[in-house]
Amino acid sequence: METKALTASCTVVVGCQWGDEGKGKVVDVLAGSADLIARYQGGANAGHTVHVGDHLVVLHQVPSGVLHPDKRCLLGNGVVLDVSQFFTEIDGLAERGVDPGGRIGVSTRAHVVFPYHKALDLAAEKVAHRKIGTTGRGIGPAYEAKTGRRGVRIADLLDRARGVNRVERAIEWARARLRELGADPDLAGTVEDALALTGRLAPVATDVGDEIAGALAAGKRVLLEGAQGTALDVDHGTYPFVTSSNTTAGAAAVGAGIGPTAIDSVVGVVKAYTTRVGNGPLPTAFDAAMDERVREIGAEFGATTGRPRRCGWFDAVLASYAARVNGLTGIAVTKLDVLDTLSELKIATGYRINGEVRTLFPAGVWELENAEPVYEVMPGWETPTTGARSLSDLPANARAYLSRIEELVGTPIAMVSVGTRRSQVIREP
Ligand code: GDP
Ligand code: IMO
Ligand code: MG
């Protein structure tokens with residue numbers, strides 16, 4: 001266990017499975033010693049849970065450092081912003097007594113998610129031969145518009161006439177596509193609604209890359225918070241069952257507006273087992289009884305959609321692939337406590353595909369669908385770990401399980417989480 005990964009000046013926190021690894025919890029813990037926290041991709045499809053005091057707060061757009069009252073929170077150019085959801089979230093936080101007003105900023109280069117993106121998302125899913133199982137938040141269509149050069153950015157909206165023109169043209173395009181998909185949603189009022197929010201947007205609009213570079217130059221510490229996870233990355237994930245952005249650490253530089261040399265640490269978050277919500281292969285899926293048991297103990301229901309998450313054994317084929325793709329300098333293992341009652345644990349060290357054992361995560365979704373995991377079996381610890389605050393507090397079998405994960409992933413463990421609360425964490429000095 002080493003902590004260098006946690007004391008760098010610019011740290012990326014990235015999911016290494018199919019999302020929901022506990023990034024929100026890890027970012028909240030690390031934010032205590034950071035000055036600025038920025039999201040770099042994704043949108044309101046994310047659901048990052050932070051447990052502070054008596055409250056479980058789920059953040060979709062606002063960075064997970066926000067519950068520390070003095071931290072600057074930014075949304076980079078790589079994010080797609082649902083403006084009304086963003087302000088609803090800010091108002092909800094203010095009601096809880098953590099008003100982020102004055103310390104939150106949004107990149108002028110970030111793209112806006114409109115109601116027609118959500119309509120397109122739902123309409124495309126409805127007619128799809130194999131449904132992705134999206135969150136319905138308009139993410140795919142908003143990123144398609146961005147790369148199709150039809151998108152509307154925050155900067156466009158702030159220049160009223162330009163904003164109206166671009167939104168009107170985008171609605172025209174969306175209507176035609178929606179008709180092809182057999183949908184005809186009511187999009188009246190879209191332009192007016194967008195413009196109504198520009199008054200609140202203007203004071204938070206900023207050049208995020210410039211702010212981050214300035215903070216680093218002044219010796220401040222920056223956290224870049226990933227959303228989703230490596231296996232949902234549009235290039236490196238289980239395509240086409242992925243989200244529409246690059247979720248991996250390389251995207252942190254692009255999506256925050258800084259150069260890759262500014263980043264000196266990448267913390268990969270892995271659950272001590274595996275979960276997936278939405279469609280697509282999950283090679284290490286549990287049998288039905290174990291699936292239900294772990295879902296119950298781990299409260300594995302989507303933080304954005306409430307859908308049950310499928311659960312499975314720890315997949316070291318995926319985690320070691322994630323270590324390479326993200327250039328991890330440390331891993332944060334979360335939800336170790338969820339395994340406390342199991343008598344036996346399995347770790348997948350390879351996949352048998354068409355009779356051949358493979359240890360490199362394959363590109364073809366059909367290969368993953370036919371993958372039979374090769375498991376290593378380890379004894380459980382059958383002792384509560386929620387009170388552990390150092391490695392030596394953990395039962396020997398739990399330490400052995402962590403060591404084996406560390407060995408297979410080829411990356412030192414920087415943090416272990418043993419509960420939802422900020423205090424339930426092991427960080428060796
Ligand atoms: P994220 O999307 O990666 O931020 O993760 P989510 O918030 O969607 O899902 C993680 C869930 O696990 C949340 O409900 C967290 O409160 C919870 N959680 C995080 N770390 C731990 C842990 O160490 N133990 C337990 N039992 N729950 C945890
Ligand atoms: P956080 O940040 C888990 C999944 C969806 C679907 C696929 C595409 O909380 O880890 P999208 O709406 O992005 O087009 O859906 O990706 N998905 C997530 N799964 N955690 C997330 O975010 C996710 N964001 C998207 O379920 O399978
Ligand atoms: Mg989540």
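A residue is called buried when its relative accessible area is under 20%, and exposed when that area is over 50%. With those cut-offs in hand, here are legends for close-up views of this predicted model.

**View 1. Helix H1 is largely enclosed by the rest of the structure.** Nine of the nine residues of H1 are buried, so the helix is largely enclosed by its surroundings. The buried residues of H1 run through Lys23, Gly24, Lys25, Val26, Val27, Asp28, Val29, Leu30 and Ala31. H1 also faces a ligand: with three residues, it gives the largest share of the shell around ligand 1.

**View 2. Ligand 1 occupies the second largest pocket.** Around ligand 1 there are 18 residues, and the closest are Lys23, Gly47, Thr49, Asp337 and Ser417. Both H1 and S3 supply at least two residues each to this shell. Several backbone atoms come within reach of ligand oxygens. A backbone N or O atom of Lys23 is 2.7 Å from an oxygen atom of ligand 1, and a backbone N or O atom of Gly419 is 3.0 Å from an oxygen atom of ligand 1. For Glu21, a polar backbone atom lies 3.1 Å from an oxygen atom of the ligand. On its own ligand 1 exposes 580 Å², of which the protein buries 92%.

**View 3. A magnesium ion is coordinated by Asp20 and Gly47.** Here, do look at the two protein donors of ligand 3: Asp20 contributes OD and Gly47 contributes O, at 2.1 to 2.2 Å. Asp20 sits in the loop between strand S1 (10-15) and helix H1 (23-31), while Gly47 sits in the loop between strand S2 (36-39) and strand S3 (48-52), so this pair ties together parts that are 27 residues apart in sequence. Gly47 has 13% relative accessibility and counts as buried. Both metal-binding residues turn up again beside the other ligands: Gly47 is among the residues closest to ligand 1, and Asp20 is among those closest to ligand 2.

**View 4. Ligand 2 takes up the space of the largest pocket.** This ligand is surrounded by 20 residues, the closest being Asp20, Lys23, His48, Thr135 and Thr243. Two threonine side chains make good landmarks in this view. The side chain of Thr135 has an N or O atom 2.6 Å from an oxygen atom of ligand 2, and a polar side-chain atom of Thr243 lies 2.6 Å from an oxygen atom of ligand 2. A backbone partner joins them: a polar backbone atom of Gln228 is 2.8 Å from an oxygen atom of the ligand. Taken alone, ligand 2 exposes 550 Å², and the protein buries 98% of that.

**View 5. The loop between S10 and H10 holds Gln228 and a cis peptide bond before Pro240.** Most residues other than glycine have a negative phi, and most peptide bonds are trans. Gln228 has a positive phi, near 55°, and is buried at 8% relative accessibility. Further along, Tyr239 and Pro240 are joined by a cis peptide bond with omega of about 5°. Pro240 belongs to the loop between strand S10 (222-225) and helix H10 (250-256).

**View 6. Arg149 has a positive phi in an exposed position.** The phi of this non-glycine residue is near 60°. Arg149 is part of the loop between helix H4 (139-147) and helix H5 (154-158). Its relative accessible area is 72%, so Arg149 counts as exposed.

**View 7. The side chain of Asp287 reaches the backbone of Met290.** Asp287 is placed in the loop between strand S12 (274-276) and helix H11 (288-298). From there its side chain comes to 2.9 Å from the backbone nitrogen of Met290. Asp287 is exposed, with a relative accessible area of 51%. The C-alpha atoms of Asp287 and Cys311 are 9.1 Å apart, across 24 residues of chain.

**View 8. Asn326 is a buried residue of helix H12.** Helix H12 covers residues 316-326. The side chain of Asn326 reaches the backbone oxygen of Ala322 at 2.9 Å. The relative accessible area of Asn326 is 5%.

**View 9. Val269 is buried in strand S11.** Strand S11 spans residues 265-271, and Val269 within it has a relative accessible area of 0%. Between the C-alpha atoms of Val269 and Pro283 there are 19 Å, for residues 14 apart in sequence.

Methods:
Residues are numbered from 1 along each chain as its sequence is written. Chains are lettered from A and ligands numbered from 1 in the order in which they are written. This is a predicted model: local features need pLDDT of at least 70, side-chain atom pairs count only at pLDDT 80 or more; totals for chains, interfaces and linings use all residues. Side-chain values use heavy atoms; hydrogens and water are left out. Donors are N, O and S atoms within 2.8 Å of the metal (3.2 Å for Na, K and Ca); water is not among the atoms, so sites may look incomplete. Helices (H or I, at least four residues) and strands (E, at least two) are DSSP runs, numbered from the N terminus. Buried means under 20% relative accessible area, exposed over 50%, partly exposed in between (1.4 Å probe, protein chains only). A residue is near a molecule or strand if one of its heavy atoms lies within 4 Å of it. A polar contact is a pair of N or O atoms within 3.5 Å; within protein, one must be able to donate a hydrogen and the other to accept it, and residues adjacent in sequence count only if both atoms are side-chain atoms. Accessible areas come from the Shrake-Rupley method with a 1.4 Å probe; for residues, only the protein chains shown count as cover. On a 1 Å grid over the protein atoms alone, a cavity is a set of points where a 1.4 Å probe fits but cannot get out, and a pocket is an open set with protein on both sides within 12 Å along at least five of seven lines; lining residues have an atom within 4 Å of a point. A molecule sits in a cavity or pocket if more than half of its atoms lie within 2 Å of its grid points.
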